[in-house]
Structures are given as C-alpha cells and as structure tokens.
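This report walks through one structure for a reader new to the subject. Please look at the sequence and the 3D view before reading on.

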Amino acid sequence: MNRCRKNLALYLLLFLLVPSLSTRARYRSFQEIIPVVLGEQFSVLPKQIDITFFYHGGNIQVDFLAPPEYDPVLVLEGESDSMVLNRKGRVGIFWLNLDEVELKNAPHVYHIYSSKHLSQLAPDQLLATLRLGYDALGKDIEVRSDALEKEVVFSEFVKFQERSGMYRMVNGSLQPFKRENGLEHYSFQIPISSAMPVGRYRIKLFYFYENRCVQEFSETIILQKVGFTSFITKLAFEHASLYGILAIVVAVVMGFSIGFLFSLFKRR
Amino acid sequence: MHLSIYLPIAGTSVNVFLLIALGLFVGSLSGLFGVGGGFLLTPLLIAIGIPPTVAAASDSNQIVAATCSGTYAHWKMGHVDIKMGLLLLTGGICGGMLGVEIIKLLRQVGNADFLIKISYVLFLSLIGTFMFQESFRTLHRYRRKRPEKPLREEARFHQFTQKLPLKTAFPRSGTRFSFLLPLILGFLVGILAAIMGLGGGFIMVPILIYILRLPMHMAIGTNLFQEIFLCINVTFMQALINHTVDFVLALILLIGSTLGAQLGAAISNRLKADQLKILLSAIILLVMLNMLRGLLVPPHTLISIKGIHS
C-alpha cells in the first residue's frame, strides 16, 4: 500500500512538473509510471467464493483507476470447454430436436463490460486478438454442425447463454464514480449467478487509448464447493451406488412415515 | 419470505418454499389420480432453472416418496391390489427394457424425437377424449337416473379377455381373468413409458379402468403401488450412471409431495369415480395441448441443452 502511495505521489509530481518537462519526456515518464499505478490500484474481491448450503450467488467487487483519456473494458471469463447441444429445426409444421452441434473452446461464462461500444475502442482485428466481444469470441470458437453455418450456430448459442445469464455484454456500463488527482475512479460489481459452474474465472481489465490496447491486467478468482455441498457432490460422483441407495431409502422411509403419521392423525 | 439453498448436483440455488409448494401441488395430483406427476414437475423444475437431466432424475427420486405415501393411504382404504400390481410391474420392467432398445434404434434411424412426440400427442388425445366423453356420459346418465349400458366395443373386448387361458382371481379387485393380461398390458405400457420418458401412470390408470375393469379408486392405488418400484429403478440407474440425482432437491420436494399425496388421497376418497375420471381426462388433455404447443410454437433459440425430449 505504501509503495502504491509512493507511485501515486510520483505520478502527481510528474503532473506538477509538466511545464518544466518537454512533451516527449513527459509522455515517456507517463508511460513508465502509469502501468504501475493502475496495476496496483486494480483490486478484485473476493478472490475465492465458497459455495455453501445457503449460497445464492453474489457479486465480485472490482475497483480500479483510469486516466480520463483511457477507456476501460472489464471481462469475466470462465474455463473453456467443449459443449454438445441439441439443434432444433422445423419439420413440416413441427419444431423438433434434429441433431447435435458441438462448440469447442467456448467459455462457460463470458461477461464483458465497457465504457463505450467496443467498435469505438479498437479495430476488429485487435478485438479478435484480445478475444473481446461476441464477434471476436465467435472467431475463436470451433463449431461442428452438419446443417447450420458457424455464424448461425454461434449466434443461437449466445442467445441461449444470455437467457441463462452466462453470457453478458453491456456497452457503456463502466462509468467512473469520481475523479481525483487527475484520475478517474471506477467501482464495479460483476454479478455472479448461483448457476455459474465451479472452477477458475479470469477477470481481465483492458485500457484502450487511441484505438490501441495500452495496458492489460488480470486476476483469477476461484468458485468452489465447500462443506455439505462438497460432501454431497463427492458422494454422488465417487460413491454413486451408495448415494443412489441412500436417496431411495430416505424417499421410501419419508413416504411411508408421512403416510403412517397421517393415518394416526385420521384415527384421532 | 426468501430462503434460498444451493442444490449441489443441480449446481444452482432455489427458494425452499417454492420447491415445497411445487412438491405439494404435484403430490396432491399423485394422491388424487394415481399418477406420478413427473409430466408436470419436470418442466416446472426446468422453468425455475434446474438443468433438465437433474430435474428428471431428482423428480423420479421424489416420486418414490410421493407414491409410497399415496400407496400407504390407498392401502389403508383397501384400494391396492398387490397381486395385480406385481404382475403389471413384471410386465412393465420387461417392456421398459425393450422400450430403451427401441429408442436407441429410433435414434439411429433418425427423427426419433418426431415419432416420440407425435405418438405422445396422439396417444394422450385419444385417451383424454375417450375418458372425458365416457365419464361425462355416465355422469349425465346418473343425473337422469338411467341405467348404464356398456359400449359394444367394450363388451366385445371384455368377452375376448375372458377367453384367454390361465385365469386367476384378483379378490381385492373383485375380478377374474388370465394373469397374462396384466403382464401383457404392463409390458406394452412399459414400452410406451420408456419411449415417452415418463412413469406411465397416465396410460396405466385408463388401462386398468377400461381394459382390466378395475374400480377407479382401485386403479389409482394399484398404479401407485407398481410405480414405487419403477421409480426406484429409475432413481438408482440415474444415480449410478448419470450422477444426476440431486438428493437435496428431491428431499425438499418430497416434504411437499408426501403431504400432498395424503391430501390428494383424502380428496380422492370423497369424489365420485366419474368426477375423478373427468378431472384426470382434463389434465391429460391439458398435458397434450402443452406438448402440442411446444411442437408448434417457434423456440426462443435453435439450441437447447441435451438430455430431454423437449
């Protein structure tokens, strides 16, 4: 924290000394100092989310600073995997599951929040390299489908993921809440739905300036089951037959017990 | 009041009171009509965000409790024919095995989904319409105090069943016919239930009433009895092979469904058989219309999670 304050003070000093420095020197100093300051002020909390019995989702608090001329973009990305899904289609007047489509390298969760529309921040090529936005993601994902074009499958996949809250793209959602000492302060909450799968998630922060990505930081957060939820999951996957028998015994005992209790109640 | 809990296998959190209310509603249908309720509960669970495969598997787990509770209530009232139930069950298990193989074959040939859904819609509309017409006619006659005449087709079929060999008595149901009949009917229902992906109560109850000529209340109790074993089998297989049974979800649902089954059985005992038939046929027709809607209305997305027919 002290180091951070020192850097901030140094940065301010540079601004005060502006008239005495040449433009080029000022720019170089700015380039050297700013990443350190921004990196140290990028805070993601909590780093680990424990899924307990009463867990019902939550938020990840992301705080960061940005010079006024920079445009920040925040990304939450889950682990990428292969997904096999049903494809619906029309047969006569009926809508039916016709075949399967497979998407490879598709993240389970993908949220992107930006200060402006992504097309205003950088050219498509750069966005594709950084995997920013649905268009960029679409280029990076491999699609296997016998009947549909890749673009159609991906667009339907995004619609499907957006309905369940796993994919989200909100342009203009990142706005500073205050400006202090020449820097804009951002405080943003990324919603974490209770349906998000366990695993590692990357939170990436990009700074765009004049159609270039000038800085990039990232943090990892872990979503994990603990206590009772972890115990039940392990039992279901590692001791499946015991788990099945337990589930049946409890159901049978509960069913007959309630039946018996009701019959006693009726007799009275 | 908002009390959410996390379901470890479903991987999402839901409101406890909502789950108990769903269980209560479906359990009362189970006690009232002798159907498992999976046809209604699985889509409702999917609608509140439970993954389809987990919804179907956990539903079968809670149906075990609901059917146990309902069977106990009906058994106390003398409405369970265990002998008949065991024969239906034996046929049902064999039919279920064949049904699974037929599904595999249909999937290889292609358009399995189309065949399943169309047969479902046709089957439910036939059963629902027939039951509705028949019970409406009987209630109408009852009001005008006219004697009930059996339909000519029904009488012919009854004559045919009486000609079958290996006759045995079913004292609890007060009937006597070949033990092959419940075996064969159980077998056929087992095939259909496996293909359609449901417990088969919707098909079995009308068959018990119209083909085996069991009294309505006896048909409900006997079907509940045999469904216990079918659902136990499904629950175990789902837990073992797919790991999709959410014990916590099933436990909360069964709190509601076991209570609901008792309430349903008590209401069922106060209603006339034909009133029950009309209600059941109305529900069958509603399910059929809902399925038809799913087939005709364009989906929100052309992609869906694997694991369910719809």
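Which residue takes a positive phi just after α9(B)? The residue is B:His243, with a phi of about 55 degrees. The model is a predicted one, in which local features need pLDDT of at least 70, side-chain atom pairs count only at pLDDT 80 or more, and totals for chains, interfaces and linings use all residues. Residues are numbered from 1 along each chain as its sequence is written, chains are lettered from A and ligands numbered from 1 in the order in which they are written, and side-chain values use heavy atoms, leaving out hydrogens and water.

**Chain B**

Chain B has 11 helices and five strands. Helices (H or I, at least four residues) and strands (E, at least two) are DSSP runs numbered from the N terminus. Helix α9 of chain B covers residues 216–242, which is 27 residues. From its first C-alpha to its last, α9 of chain B reaches 37 Å, close to the 39 Å expected at 1.5 Å a residue. The expected span is 1.5 Å times one less than the number of residues.

Of the 310 residues in chain B, 55% are buried. Buried means under 20% relative accessible area, exposed means over 50%, and partly exposed lies in between (1.4 Å probe, protein chains only). Among contacts in chain B with a separation of 6 or more, 76% are between residues 24 or more positions apart; a contact means heavy atoms within 4.5 Å.

**Cysteines**

A disulfide is a covalent bond between the sulfur atoms of two cysteines. Here it is taken as a pair of cysteine sulfur atoms within 2.5 Å. Over all chains, the structure holds zero disulfides. For B:Cys68, the closest cysteine sulfur is in B:Cys231, and at 9.5 Å it is too far for a bond. B:Cys231 is likewise in no disulfide. B:Cys68 is buried, with a relative accessible area of 0%, and B:Cys231 also counts as buried, at 7%.

**The sheet of chain A**

Chain A has an open sheet of six strands with mixed pairing, in the order β2-β13-β12-β4-β7-β9. Two strands pair if DSSP finds at least two bridges between them. The edges are β2 (48–51) and β9 (167–171) of chain A; each has a single partner strand, so one side of each is left without a neighbour in the sheet. From one strand to the next, the twist averages 15 degrees. Within this chain, β4 (residues 71–77) and β7 (residues 110–114) run antiparallel and are joined by five bridges. A:Glu77 has A:Tyr110 in β7(A) as its bridge partner.

**Loops of chain A**

Two loop residues other than glycine have a positive phi, as listed here.

| Residue | Phi | Loop in chain A | Relative accessible area |
|---|---|---|---|
| A:Arg131 | near 60 degrees | between α4 (124–130) and α5 (134–140) | 11%, buried |
| A:Asn211 | near 65 degrees | between β12 (199–209) and β13 (212–225) | 46%, partly exposed |

A:Pro46 is in the loop between β1 (43–45) and β2 of chain A. The peptide bond joining A:Leu45 and A:Pro46 is cis, with omega about -5 degrees.

A:Ser145 lies in the loop between β8 (142–144) and α6 (150–163) of chain A. Its C-alpha atom is 6.7 Å from that of A:Glu102, although the two residues are 43 residues apart along the chain. Leaving aside residues up to four places away in sequence, A:Ser145 touches A:Val101 and A:Val153.

Conventions
Axes are lines fitted to C-alpha atoms, for helices over the stretch in contact, and angles run from 0 to 180 degrees between N-to-C directions.
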